[in-house]
Amino acid sequence: MNNFKLHAPTDFVFGKEAELQVADMLKKHGATKVLIHYGSGSVIKSGLMQRVEDVLNAANISYVKLGGAQPNPVDTLVYEGIDLCRKENVDFILAVGGGSTIDSAKSIAVGVPYDGDFWDLFDGKTIEKAIPVATILTIPAAGSEASDSMVLNGTKGGKVLKRGAGSSHVIPVFSLLNPELNYTLPAFQTACGVADMMAHVMERYFTTVKDVEISDRLCEAILLAIITEAPKAIKDPNNYSARANLTWAGTVAHNGSCGVGRIGDWSSHNLEHELSALYDVAHGAGLAVMFPAWMKFVCETDLDRFVQFAGRVWGVDTFGDKKAVALKGIEEMEKFFTSIGLPINFEQLGAKKEDIDKMVETLNINVGDTFGSFKKLTMDDARKIYELAV
């Protein structure tokens, strides 16, 4: 196990009506003028936005609003948010929504104090400060409610580039998690969230670092809980227990705790970002396609780890030929994704083989000539993985 540091400062309020504590939490963290950032009409139609505004009004907390956050968030809205925050002297951002809304809010938060084009911070420049961000989570998936990372789409040089950035400055200071807010999620959106949180665990699980049994077991436990609870939530959207378990699973999958002492990979995320940038598909759906393809390509790098994954997570008999066992584990994962309504190849996702050159080109721009840590991959390797996903 490697040396590590873990900074996990987020205050959590979990459970029914958690959102009603928003004013108390804002006061606790010193907010005086708040930007409420949200997505489309769902938070309004559900009455959530009105409840939040009623609580803030009753507490005499000043706020402005910016809607329009969308899946695969875009830089144009971030620029608008930065201008609004500066004009209104906003000192705190409250994201009401899922991971895309939270990532958009984080991007605004780092852009407000930055003297320059905030996209510099997605192009490698160090994030030195941000105004505080908090969340009211409506979609368990991305884990952005507790993570130090964010992902954004920007159009640069005529190409849509999907980039990630990270800093302890963007870890939300508090997050309010009410599983009942997920009851209205469509089954497909729930399934995409499941794939997203599983991918966050697996990106950490597939590591070259040895003797990481404690975090191995944490990863496996989270995956087993997700695999158990996901079908229940999809079958009965109002199953509070299933929703609660999935909500917390999405958080612990990406708050850093299951990745300590090890080096994660993140190749599948890099590969998927090109899919969702090009086709505007759900990130979780793209991960359900790319992760198995990546696994098939790299499994011989460490067959013992893939055998362990197959046995401990998917219940595969681990006796016999190691590669056959590894492939059986991957097959079981694909069966699970299919059972909850997710795509597992390009055709089902709506991607095209003839676009692979475009994806490799922008991948090269985003990550350089090589990427990944479990197995160092080249652009030729990336092409082969995309072809496996077809």
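Helix α3 (residues 48–58) lies across four strands, namely β2, β3, β4 (92–97) and β5 (133–137), and runs at about 160 degrees to β3. Keep in mind as you explore that this is a predicted model. Let's start with the sheet under that helix, then visit another helix and two residues.

**The sheet and the helices across it**

- Six strands build an open sheet, and reading across it gives the order β1-β8-β5-β4-β2-β3, with parallel pairing.
- At the edges you will find β1 (11–14) and β3 (62–66), each of which pairs on one side only.
- From one strand to the next, the twist averages 15 degrees.
- To look at one pairing in detail, pick strand β2 (residues 33–38), which joins β3 in the parallel sense over 5 bridges.
- Within that part of the sheet, K33 has S62 in β3 as its bridge partner.
- Like α3, which lies across β2, β3, β4 and β5, helix α5 (residues 99–111) lies across β2, β3, β4 and β5.
- The direction of α5 is given relative to β4, to which this helix runs at about 165 degrees.

**Helix α10**

- How far apart should the ends of helix α10 (residues 283–298) be? At 1.5 Å a residue, its 16 residues should span 22 Å, and the end C-alpha atoms are indeed 22 Å apart, so the expectation and the model agree.
- Helix α10 is also mostly covered, since 14 of its 16 residues are buried.

**Residue T251**

- You can find T251 in helix α8 (residues 240–252).
- Is T251 buried or exposed? Its relative accessible area is 0%, and buried means under 20%, so T251 counts as buried.
- The side chain of T251 makes a polar contact with the side chain of E145, at 2.6 Å.
- Leaving aside residues up to four places away in sequence, T251 touches F12, E145, A146 and L177.

**Residue F337**

- F337 sits in helix α12 (residues 322–339).
- With a relative accessible area of 1%, F337 falls under the 20% cut-off and is therefore buried.
- Which residues does F337 touch, not counting those up to four places away in sequence? They are A195, M198, A288, P292, L342 and I344.
- For a sense of distance, try finding V112: this residue is 225 residues from F337 along the chain, and their C-alpha atoms are separated by 40 Å.

How values were computed. Residues numbered from 1 in each chain as written. Predicted model: local features only at pLDDT ≥ 70, side-chain atom pairs only at ≥ 80, totals over all residues. Heavy atoms only, no water. Buried < 20%, exposed > 50% of the residue type's maximum accessible area, 1.4 Å probe, protein only. Contact = heavy atoms within 4.5 Å. Polar contact = N/O pair within 3.5 Å; in protein donor to acceptor, adjacent residues only side chain to side chain. Expected span 1.5 Å × (residues − 1). Pairing = 2+ DSSP bridges. Axes fitted to C-alpha atoms, helices over the stretch in contact; angles between N-to-C directions.
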